[in-house]
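Dear colleague,

Please find below the structure that I am handing over to you. My notes on what was found in it follow directly after.

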Amino acid sequence: MDAKLAQEIIECLPKERTLFRYYKDYYAVYLVHRELLLRGDMTVSELRCGRLGKLLQKPIFTDLLSKSGSGKLSAEDIESLWSEDFESYVLTLGTWGNSQFKHYRDYQVSRPGKNLVLQMNFSRRHDDMYRHCVSDDLDYFKYLDHPISQTYCTLAWARIDLDMNTGEALIEEIQNDWLREMDYLATFIKRCAAEHLKTVYYGDWTLDVTKVLNYLEGEIGRHKAIWSEAMLSAAIKFLHEEIGMTRIYYHTPDTGAVLKNIKYSKPPRSLYTKLPKQFCFESVQEAPEFLARNKQAKRRLKAVKNQQWFCMAA
């Protein structure tokens with residue numbers, strides 16, 4: 001998108017810290033709740049036969065469905081669903097990319113211009129445990145040349161392109177660095193633990209093996225189990241409620257790789273296959289309108305034999 005538009009969006013949104021609380025399968029609750037807000041009360045049978053039907057199989061719906069004597073559900077019924085086993089994240093916004101045509105191919109964006117970046121950052125609880133168990137250096141595991149927050153420790157981010165005129169948004173990528181770095185640390189620390197070492201050197205640090213294991217298995221283990229669905233949920237909710245998008249697109253592995261000029265070190269395919277299917281995105285062959293009319297994107301798409309996209313309407 002145009003750099004000016006990206007900056008205008010950021011400036012128009014609330015400046016205070018935005019908290020996002022997420023529990024396992026919250027995305028299903030959010031999507032069903034939105035469906036009922038848009039369409040009005042529906043019977044359980046209607047919901048089961050619709051595009052979101054498989055979401056009702058999630059355990060969080062079990063009690064509600066068993067008590068739906070009338071057979072109908074309303075948005076208010078869904079609002080009562082909640083889990084106390086949630087994680088808190090801090091959401092921030094940034095931008096990514098380069099408006100100059102000769103440079104845009106280096107930023108893995110689908111057309112020249114900027115991406116809006118929604119960053120999902122750790123809470124203070126995580127940072128305090130990291131300092132206690134690992135190090136006071138919160139910057140060690142950050143990739144500063146990636147679209148992360150300059151203030152917080154970023155767990156993950158979503159890069160987004162959008163067009164206010166068509167009401168379309170494209171989620172370019174969902175990615176994290178922190179958990180990948182923690183996997184490397186975990187491999188090292190577990191080997192040390194197996195050798196019954198108490199303290200070890202890691203770079204310039206002296207680490208307490210037991211404390212680091214507590215951080216990895218306790219704190220990081222929880223985030224690792226939900227990070228991708230939490231990040232995609234945050235992005236979808238942001239696009240619906242803050243920006244007002246009515247159609248959200250998501251890349252497939254092959255079409256996305258061509259458009260974003262990714263030839264090596266491709267991201268995990270599951271993030272562009274399993275994850276959008278989990279959220280009930282539908283497979284389509286038509287590109288977002290704002291890309292279909294873009295000269296540079298059209299040129300790249302000619303190299304794709306069978307265009308495939310994921311799309312979530314309304």
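**Findings**

Cys-280 is buried, with a relative accessible area of 7%. This residue belongs to the loop between helix H11 (274-278) and strand E11 (282-284). The phi angle of Cys-280 is near 70 degrees, a positive value in a residue other than glycine. Please bear in mind throughout that this is a predicted model.

A second non-glycine residue with positive phi is Asp-25, at about 75 degrees. Asp-25 is found in the loop between strand E1 (18-22) and H2. With a relative accessibility of 10%, Asp-25 counts as buried, because the cut-off for burial is under 20% relative accessible area.

Helix H2 covers residues 26-39, and its 14 residues reach 20 Å from the first C-alpha to the last, close to the 20 Å expected at 1.5 Å a residue. The helix is mostly covered, with 11 of its 14 residues buried. The buried residues are Tyr-26, Tyr-27, Ala-28, Val-29, Tyr-30, Leu-31, Val-32, His-33, Arg-34, Glu-35 and Leu-36. After H2 comes Gly-40, whose phi is positive, near 85 degrees.

Leu-36 of H2 also appears in the surroundings of Ser-74: leaving aside neighbours within four places in sequence, Ser-74 is in contact with Leu-36 and Asp-41. Ser-74 sits in the loop between strand E3 (72-73) and helix H5 (75-79). Its relative accessible area is 9%, and Ser-74 is therefore buried.

**Packing of H7, H8 and H9**

H8 (residues 178-194) has 17 residues. From its first C-alpha to its last, H8 reaches 24 Å, close to the 24 Å expected at 1.5 Å a residue. Buried in this helix are Trp-178, Leu-179, Glu-181, Met-182, Leu-185, Ala-186, Phe-188, Ile-189 and Cys-192. Several of these positions are three or four places apart in sequence; an α-helix has 3.6 residues a turn, so residues with that spacing point the same way. The buried residues of H8 pack against H7, strand E6 (154-163), strand E8 (199-202), strand E9 (205-208) and H9. H8 is followed by His-196, with a positive phi near 60 degrees.

The axes of H8 and H9 (residues 209-243) come within 10 Å and cross at roughly 145 degrees, and the crossing is left-handed. On the H8 side, the contact is made by Trp-178, Leu-179, Met-182, Asp-183, Leu-185, Ala-186, Ile-189, Lys-190, Cys-192 and Ala-193. H9 contributes Val-209, Val-212, Leu-213, Tyr-215, Leu-216, Ile-220, His-223, Lys-224 and Trp-227. By class, the contact has 15 nonpolar, one polar and three charged residues.

H7 (residues 124-133) also packs on H9, at an angle of about 160 degrees and with the axes 9 Å apart. H7 and H9 are therefore roughly antiparallel to each other, and H7 passes H9 in a left-handed crossing. The H7 residues in this contact are Arg-125, His-126, Met-129, Tyr-130, His-132 and Cys-133, while those of H9 are Lys-211, Val-212, Asn-214, Tyr-215, Glu-219, Ile-220, Arg-222 and His-223. The residues of the contact divide into six nonpolar, four polar and four charged. Val-212, Tyr-215, Ile-220 and His-223 of H9 take part in the contact with H8 and in the contact with H7.

With kind regards

How values were computed
Residues are numbered from 1 along each chain as its sequence is written. This is a predicted model: local features need pLDDT of at least 70, side-chain atom pairs count only at pLDDT 80 or more; totals for chains, interfaces and linings use all residues. Side-chain values use heavy atoms; hydrogens and water are left out. Axes are lines fitted to C-alpha atoms, for helices over the stretch in contact, and angles run from 0 to 180 degrees between N-to-C directions. Helices (H or I, at least four residues) and strands (E, at least two) are DSSP runs, numbered from the N terminus. A crossing is left-handed if the near helix is turned anticlockwise from the far one by less than a right angle, and right-handed if clockwise. Contact means heavy atoms within 4.5 Å. Ala, Val, Leu, Ile, Met, Phe, Trp, Tyr, Cys and Pro count as nonpolar, Asp, Glu, Lys and Arg as charged, and the others, Gly among them, as polar. Angles under 35 degrees count as roughly parallel, over 145 as roughly antiparallel, 65 to 115 as roughly perpendicular and the rest as oblique. The expected span of a helix is 1.5 Å times one less than its number of residues. Buried means under 20% relative accessible area, exposed over 50%, partly exposed in between (1.4 Å probe, protein chains only).
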